[in-house]
Amino acid sequence: MPAPYAGLLERYHDWLDLPAYTRPVTLLEGNTPLIPMPRLAEELGGGFELYVKYEGLNPSGSFKDRGMTAAISEALGRGVRAVICASTGNTAASAAAYAARAGLRAIVLIPQGKVALGKLAGALAYGAEVIQIEGSFDDALALVVEISQKYPIALVNSLNPYRLEGQKTAAFEICDTLGSAPDWLCLPVGNAGNITAYWMGFRQYHVRRGSGLPRLLGVQAAGAAPLVLGHPVEKPETVATAIRIGRPARGEQALAAAEESGGRIIAVSDDEILTMQRRLAAHGVWVEPASAAGLAGLAHEIAAGRFNPRGQRIVAICTGHGLKDPDIVARWSTPPRTLPASLQALTDALLREAA
Ligand code: F0G
């Protein structure tokens, strides 16, 4: 019998800087597919290789599970009994899932009314104590940082360094699958932990394996683009609620990573994000709005003549599953028709459509 898939901490044991007391808690996260997107590449001008790293296929439906297996495992090993985070939704669901797995108490703070249905449902289903804050994600983050400094409750936001340790494994997987680093990596940027972790991962892999380094194209939503504007945004707004963040905790590191890589951080409109979400779904990959931002940024730069993709190998990170935000699809899809339960009505409707 083949050995069962091990989960990230076991699989990358020698690559992760985790304390010896860490007690692995896994839901067999990671190992997500890198899906070739040749037709979408053609639509965007052609002449390049395009892949989607479909992180929405992690156990709780988002990329957060990679970092969470590490953060929860460290917290459990340290003897902590409760974990806390602020979240736009995905971190909440992931923390809730891994805390449940570990038998720990999970407390999550979310911005009131701004968390997509699939994420809230996840956090509740996994049994977290969910608290809505009359404020933004940034307000919630400030609160959880403070409480975790005063009480023995482990902070599992990406300020926690172990989150980045786990998260960087996605860079290893991409290099393993392609045989080297891609030329460009496009990804959404919110609190900026993910882009920071990718850069850590690619650099580490390059030092040990000579895999090369990608350039990073980080993409924010125009209404929540502090790293593009160069200052915090007090009232961030975007349809991509996952990245509705005005003060990214790892903003400085994200800017440094983009610059060091020879890439950049840009912003795209909500329309561009939803258009790309729809386009991706039309190719069989349904992701939540924020997850389409990386590719929307690529399309934006190509259209503006600032990016020549010719001959490049490009990977776009799709961070969360489409099921996370089912309501948003109503913005761009046609609602189902209702027909009488008769063959005549069905034939009429379908044939009329075909004509
Ligand atoms: N994509 C999705 C689907 C996300 O949920 C997030 C962040 C990001 C991209 C951006 O990643 O913050 O590391 O730059 N979600 C966090 C949360 C903030 O609370 O779930 P980042």
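This dialogue concerns the ligand and the residues around it in a predicted model.

Visitor: Which residues come nearest to the ligand?

Guide: A residue is near a molecule if one of its heavy atoms lies within 4 Å of it. Here 21 residues surround the ligand, and Ser 87, Gly 190, Asn 191, Ala 192 and Thr 319 come nearest. Residues are numbered from 1 along each chain as its sequence is written. In this model, local features need pLDDT of at least 70, side-chain atom pairs count only at pLDDT 80 or more, totals for chains, interfaces and linings use all residues, and side-chain values use heavy atoms, without hydrogens and water.

Visitor: Which polar side-chain atom lies 2.6 Å from a nitrogen atom of the ligand?

Guide: A polar contact is a pair of N or O atoms within 3.5 Å. The side-chain atom belongs to Thr 319. Oxygen atoms of the ligand also have backbone partners: a polar atom of Asn 191 at 2.7 Å, and an N or O atom of Thr 91 at 2.8 Å.

Visitor: Why does the ligand lie between domain 1 and domain 2?

Guide: Domain bounds come from an automatic or database assignment. Domain 1 (29-61 + 176-331) and domain 2 (64-162) both contribute residues to the shell, so the ligand lies between them.

Terms used
Polar contact = N/O pair within 3.5 Å; in protein donor to acceptor, adjacent residues only side chain to side chain.
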